[in-house]
Amino acid sequence: QVQLVESGGGLVQAGGSLRLSCAASGRTFNNYVMGWFRQAPGKEREFVAAISWIFGSAYYADSVKGRFTISRDNAKNTVYLQMNSLKPEDTAVYYCAMANPGGGSLYSRPAYNYWGQGTQVTVSS
């Protein structure tokens with residue numbers, strides 16, 4: 001059983017920054033993908049960013065490209081999401097997730113087998 005635990009959410013003013021962390025424990029594989037999704041009230045859960053664990057290749061949704069940066073620390077089994085220039089429309093519950101090899105598109109929720117509990121990010125206008 002893989003466990004994912006997020007931290008770093010909170011309240012911030014527009015234009016501010018937050019750094020989310022997700023620590024993974026349990027059985028993992030070095031070719032998996034770690035991703036971040038978010039869900040705002042009345043909206044579907046949407047892809048934010050993902051990173052290939054072994055290669056470090058990063059992928060972003062158009063809505064956050066240029067503002068958010070995903071990274072990982074292999075030794076700590078931890079993935080980060082640095083969020084800069086935050087906007088009110090970034091307000092959502094943010095979820096960390098892990099996809100096993102061959103699970104499907106890294107942009108799609110069905111590819112991800114394990115999910116964290118979510119952490120609230122609120123950006124005031």
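How do β7 and strand β8 (residues 78–83) pair, and over how many bridges? They run in the antiparallel sense and share 6 bridges. Two strands count as paired here if DSSP finds at least two bridges between them. Strands themselves are DSSP runs (E, at least two residues), just as helices are runs of H or I of at least four residues, and both are numbered from the N terminus.

A few words on the ground rules will help. This is a predicted model, in which local features need pLDDT of at least 70 and side-chain atom pairs count only at pLDDT 80 or more, while totals for chains, interfaces and linings use all residues. Residues are numbered from 1 along each chain as its sequence is written, and side-chain values use heavy atoms, with hydrogens and water left out.

**The chain as a whole**

The protein chain holds 0 helices and 11 strands. Its radius of gyration is 14 Å, close to the 14 Å that the globule rule gives for 125 residues, so the chain is as compact as a globular protein of that length. That radius is taken over C-alpha atoms, and the globule rule is 2.2 Å times the number of residues to the power 0.38. Along its principal axes, the C-alpha trace spans about 40 × 30 × 25 Å. Of the 125 residues, 42% count as buried, meaning under 20% relative accessible area; exposed means over 50%, and partly exposed lies in between (1.4 Å probe, protein chains only). Contacts (heavy atoms within 4.5 Å) often reach far along the sequence: among those between residues at least 6 apart, 55% join residues at least 24 apart.

**An open sheet of four strands**

Back to the opening pair. β7 and β8 belong to an open sheet of 4 strands in the order β1-β3-β8-β7, with antiparallel pairing. The edge strands are β1 (3–7) and β7 (68–73), each of which pairs on one side only. Strands of a sheet pair through backbone hydrogen bonds, either parallel or antiparallel. The table lists some residues that stand opposite each other in this sheet.

| Residue | Opposite residue |
|---|---|
| L4 | A24 in β3 |
| L20 | L81 in β8 |
| F68 | M83 in β8 |
| S71 | Y80 in β8 |

Moving across the sheet, 5 bridges join β1 to strand β3 (residues 18–25), and these two run antiparallel. β3 is in turn joined to β8 by 6 bridges, again antiparallel. In β8, 5 of the 6 residues are buried, so this strand is largely enclosed by the rest of the structure. The hairpin of β7 and β8 has 4 residues between the strands, and there N77 takes a positive phi near 50°.

Edge strand β1 has two faces to look at. L4 and E6 point to one face and are buried, while Q3, V5 and S7 point to the other and are not. Leaving out residues up to four places away in sequence, V5 touches S21, C22, A23 and Q117. V5 and W36 are 31 residues apart in sequence and 12 Å apart in space, C-alpha to C-alpha.

**Aromatic rings and an arginine**

The structure holds 7 aromatic pairs. Rings of Phe, Tyr and Trp (its six-membered ring) pair if their centres lie within 6.5 Å; planes under 30 degrees apart count as stacked, over 60 as edge-to-face and the rest as tilted. One of the pairs is Y32 with W53, tilted at 5.2 Å centre to centre and 45° between the planes. Y32 sits in the loop between β3 and β4 (33–39) and W53 in the loop between β5 (46–52) and β6 (58–60), 21 residues apart. Y32 counts as buried at 1% relative accessibility, and W53 does so at 5%.

F37 and Y112 form an edge-to-face pair, 5.1 Å centre to centre with 80° between the planes. F37 lies in strand β4 and Y112 in strand β10 (residues 112–115), so this pair ties together parts that are 75 residues apart in sequence. F37 and Y112 are buried. They also belong to one aromatic cluster with F47, Y59, Y107 and W115.

W115 brings us to R45, whose charged end sits over the ring of W115, 5.2 Å from its centre. R45 also lies over the face of Y95, at 3.7 Å from the ring centre. A charge sits over a ring if NZ of Lys or CZ of Arg is within 6 Å of the ring centre and within 35 degrees of the ring normal.
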